[in-house]
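Colleague: Could you take me through one part of this model in some detail? I would like to see how the pieces around it fit together.

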Amino acid sequence: MKKAYLILPVLALAACQSEPKLPAVNQPAESAIVGLATPVQLRGTGVTEVHLGDYINPEKIDSFYLPAEVSASNIDPDQRIIGIEPEPTLGMETFMRVFADGQPYDIIIHRSRKVPVEVRIPADLFDGTVTIFGSFNAWNRTSDTMVLEGDDLVYRSEFQPGVQEYKFFVNDVEYTDPNAEQVSNGMGGFNSVLEVKPRGEKPEPIRAIGYEEGTVYLNALPESQDLKVLWDNQLLPEEYIHHGADSIAVRIPSNAAQINRSTLRFFSSNEAEWARELRIPLAAGKPIMNAQNVKRQDWSSARMYFIMIDRFANGDTANDEPLNDPEVLPQCDYRGGDIAGVLEKLREGYFDKLGVNTIWLSPITQNPTDAWGLWDKGGVRTKFSGYHGYWPISNTQIDYRFGDPEVLKTLIDEAHAKGYNVLLDYVANHVHQSHPIYQEHPEWATDLYLPDGSLNTERWDDHRLTTWFDNHLPTLDLRKPEVVEPMTDSALVWLTDFEFDGFRHDATKHIDLIFWRTLTHKVHERVNRPIYQIGETYGSAELIASYLSTGMLNAQFDFNAYDAILNVIADESIPMERVVDVMNASWDWYGQHNTMGYISGNQDRSRFISIASGDVLLSEDQKLAGYTRDIGKPQSTAYQQLLLLHVFNHSIPGIPVIYYGDEYGSPGANDPDNRRMMKFGELDSDEKSLRDEVSVLEDVRASEMALIYGSAEIEAISESLLHIRREYLGTTIDIYINRSKDAVEIPAEAGAEVLFGQELENNMLPALSAIMLKKS
């Protein structure tokens, strides 16, 4: 049956005056939208393609309505794909309404914040083709070419307001812009800076300042600033909102009392920009005030621990099977860690003592039993085993060296009984060349050679959807439905045959969006429990955000934030403002209630503590360093610097992620040196002290609603002092991080409770330390 499509003014969606003062807002018994609908973010100019199927199964959609200030085109009645283009009269924020099975659902539409930018340099400054690259295009040296206009080379685009860093690339050499400000890049060089101003005055942030029976109070907003409130995915009529002189009162729908969990969502905008969304979780119609009432399935409360299984704990020596190949160096071979070892540490209470509540397991699918790949550099030569798990020869079979279905099910069941989530690292982008799917369907892989004859390996940006990681790792062409269907079915096995709570997805940006939409649609249709999916993408915030949708991924890892905080903690010459700029850009793209991952490190990076100690340099070949010299115990100050990183990750919105060993300061250069065997009982005083402090951080994060759901602000008070403020319904937590080797003074906080850190004398925060202060 053909579905209706209507375009109505927004006013037509509001309640008419003849309705009761507080008209009913009804929640469906079972929502057609899984979770909270992510806002539609329009492109800077032109048409934005919107997949209504990201929100609701297209077969269930009855009709949808758009405000008069946008036009719709390219409507696909079967797939429910529409093109939305803003009219000149559109403000910064509106909404569309979708009906499914007779129930309305409201989805916020954000007009782009982007403003036009121009970079102009004299054409005779360089000899050759000039490209511009920077934080706006994932530092891709070849994607944007300067255009000759008269005597100048010009680059024009549209950027989000904020600070962008960039350089020029000419004849295989990088150059800065001589007409722009320069900042250190943290690797011995400099980047040019472009500050993009917003198109007008920024809106006031929305803050929840209090609660009385049935009413939430917000800070007062300027008359020029609009406010919309959603209860889950239903827009509240204006009658629920009362604007007073000093505050805004928002009534909670009375029938919220009959619903175990729901959420109030607050959106606001002025003529220039839209403010960041504010959320307040409700339990039986009342705001959750005690963090103990937040369940593990609420991913805003997750505190994650990443385990590389082979290097964590050996619980079953019967499945040990190193290659013992003379061509494989010992650090590149299996070490015996397995699922039984993780289960053993779970039973011993290791994770209880540490304080995490989510375990992320590295890939467990079957990998080859022989050596592959080759490192031959700097006098070091080695092949590799598949100890890491990222070379699958099966997508559904557990590697026998890690365990079997029974031990895996036991681990998940016992983890759930203790209140833990368990995530599986899943590899979809590529397979090992011995994988039956490649042996039977070689045409399902992308081409190893490009049309110009060059090798299509490690082409991370210019051929990101087709590049191979190595010659023995064919990339599957996940732009083809005939490949997507079986590969998404294979992923579903881990959710239907086992009770995993979600996936960490490898190499996300190298996989076409059709895969993520297909997989998530199948998850919604076939799995009757909340499933969390987080991806891995190195690139610009805009690229990372393009995968975040109700119908794709819940989150990704914010590597840009990690790079920024690493640089400012490890190098005092880098302005503290860099962290502020990066975090504000992140919150503009991902929202301040994101569930992005904020890492202490990972399997692809040198250990933070060894960089902070100066034992590994960002400017050197960090993999070679791990092979050719002993990266030993760090300086004592580096343990304090690593603690500052942990404090930062536990202070901002999102999910703090501890890479195994970072709770005590395991040293190491890049892989495989950053994948040493885990230590448990044999810690020295520096390591034990750090682990104890991290445990305190985990407990604080778990117990404070302001750190789980609070609004967020960040500022650099000085070159040495970073300030983060979290606020939730009258409770404020101020976090101060001092990266300097000298004590600094912080603003007076009379009557504040110290949640983390030491009581201060004369408001002086000691060198390389942090403090969390709570006021209610």
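Here is a close look at one helix, followed by some aromatic pairs and a small sheet.

Modeller: Happy to! Please keep in mind that this is a predicted model. Let's start with helix α6, which covers residues 513-526. Its 14 residues should span 20 Å at 1.5 Å a residue, and the end C-alpha atoms are indeed 20 Å apart, so the two values agree. At the N-terminal end, Asp-512 acts as a cap, with a side-chain oxygen 3.0 Å from the backbone nitrogen of Ile-514. Several residues of α6 are buried, among them Phe-515, Trp-516, Leu-519 and Val-523. In an α-helix there are 3.6 residues a turn, so residues three or four places apart point the same way. The buried residues of α6 pack against α5 (481-496), β31 (502-505) and β32 (532-535).

Now to the aromatic rings, where the count comes to 31 pairs. The rings of Tyr-305 and Phe-312 have centres 6.1 Å apart and planes at 70°, so this pair is edge-to-face; both residues are buried. For Tyr-334 and Phe-402, the centres are 6.5 Å apart and the planes lie at 55°, so that pair is tilted. Tyr-334 sits in the loop between β26 and α1, and Phe-402 in the loop between β29 and α3, so the pair ties together parts that are 68 residues apart in sequence. Tyr-334 and Phe-402 are both buried as well.

Last comes the sheet: three strands, ordered β9-β12-β11, form an open, antiparallel arrangement. Its edge strands are β9 (115-122) and β11 (147-149). Between β9 and β12 there are eight bridges, and Val-115 has Phe-159 as its bridge partner in β12.

Conventions
Residues are numbered from 1 along each chain as its sequence is written. This is a predicted model: local features need pLDDT of at least 70, side-chain atom pairs count only at pLDDT 80 or more; totals for chains, interfaces and linings use all residues. Side-chain values use heavy atoms; hydrogens and water are left out. Two strands pair if DSSP finds at least two bridges between them. Helices (H or I, at least four residues) and strands (E, at least two) are DSSP runs, numbered from the N terminus. The expected span of a helix is 1.5 Å times one less than its number of residues. Buried means under 20% relative accessible area, exposed over 50%, partly exposed in between (1.4 Å probe, protein chains only). Contact means heavy atoms within 4.5 Å. A polar contact is a pair of N or O atoms within 3.5 Å; within protein, one must be able to donate a hydrogen and the other to accept it, and residues adjacent in sequence count only if both atoms are side-chain atoms. Rings of Phe, Tyr and Trp (its six-membered ring) pair if their centres lie within 6.5 Å; planes under 30 degrees apart count as stacked, over 60 as edge-to-face and the rest as tilted.
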